[in-house]
Amino acid sequence: MSHHLLDLLNSPFTTTLLATHSLTVAGLVVTAVCAPTTRRRQAALKALAVLLGRPPRPRD
């Protein structure tokens, strides 16, 4: 079982997918922290929640 997991993790497709996801999450985190407007920060936080598999926070 673990041998198959290692093969999957060593595949170029999986490596590319994980790297792309990581860069996307990092970009959204920077946007959520540094965006000049509240609207852009909230949009970045919602997108980040979706990418991380969490429900977006309801508006207050």
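Helices here are DSSP runs of H or I, at least four residues long, numbered from the N terminus. The model shown in these views is predicted.

**Figure 1. The whole chain, an all-helix affair with three helices and zero strands.** Reading from the N terminus, the elements simply go α-α-α. Line the C-alpha atoms up with their principal axes and they fill a box of roughly 45 × 20 × 10 Å. The radius of gyration is 16 Å, whereas a compact globule of 60 residues would come in near 10 Å. Buried residues account for 15% of the 60 residues. The accessible surface adds up to about 5200 Å², and 67% of that belongs to carbon and sulfur atoms.

**Figure 2. Close-up of helix 2, with Thr 14 in the frame.** Helix 2 covers residues 12-34. A quick sanity check on its geometry: at 1.5 Å a residue, its 23 residues should span 33 Å, and the end C-alpha atoms are indeed 33 Å apart, so the two agree. The buried residues along this helix are Thr 14, Val 25, Leu 28 and Ala 32. Thr 14 has a relative accessibility of 12%, which is why it counts as buried, the cut-off being under 20%. Who touches it? Once neighbours within four places in sequence are set aside, Thr 14 is in contact with Leu 8 and Leu 9.

**Figure 3. Helix 3 and its two faces, one buried and one carrying exposed residues.** Helix 3 takes in residues 38-51, and its length checks out too: 14 residues at 1.5 Å each should span 20 Å, and the end C-alpha atoms are 20 Å apart. Ala 44, Leu 48 and Ala 49 are the buried residues picked out here. They sit on the same side of helix 3, because they cover an arc of only 135° around the axis. Turned away from that buried side is the face with the exposed residues Arg 39 and Val 50. And what do the buried residues of helix 3 pack against? Their partner is helix 2.

**Figure 4. The largest nonpolar core, a group of five residues.** Its members are Val 25, Leu 28, Ala 32, Ala 44 and Leu 48. Helix 2 and helix 3 each supply at least two of them, with helix 2 giving the most, at three residues. As a general point, nonpolar side chains tend to be buried together in soluble globular proteins. Zoom in on Ala 32, one of the core residues, and ignore its neighbours within four places in sequence: Ala 32 is then in contact with Arg 41, Ala 44 and Leu 45. Of these contacts, Ala 44 is itself listed in the core.

**Figure 5. Just past helix 3, a look at Leu 52 and Gly 53.** Leu 52 is found in the segment after helix 3. Is Leu 52 buried, partly exposed or exposed? Its relative accessible area is 43%, so it counts as partly exposed, falling between the cut-offs of 20% and 50%. For a sense of where this residue sits, take Ala 26 as a reference: the two are 26 residues apart along the chain, and their C-alpha atoms are separated by 12 Å. Gly 53 also follows helix 3, and its phi is positive, near 80°.

Notes: Residues are numbered from 1 along each chain as its sequence is written. This is a predicted model: local features need pLDDT of at least 70, side-chain atom pairs count only at pLDDT 80 or more; totals for chains, interfaces and linings use all residues. Side-chain values use heavy atoms; hydrogens and water are left out. Buried means under 20% relative accessible area, exposed over 50%, partly exposed in between (1.4 Å probe, protein chains only). Contact means heavy atoms within 4.5 Å. The expected span of a helix is 1.5 Å times one less than its number of residues. The arc is that of the directions from the helix axis to the C-beta atoms. A nonpolar core is a set of buried Ala, Val, Leu, Ile, Met, Phe, Trp, Tyr and Cys residues joined through side-chain atoms within 4.5 Å. The radius of gyration is taken over C-alpha atoms; the globule rule is 2.2 Å times the number of residues to the power 0.38. Accessible areas come from the Shrake-Rupley method with a 1.4 Å probe; for residues, only the protein chains shown count as cover.
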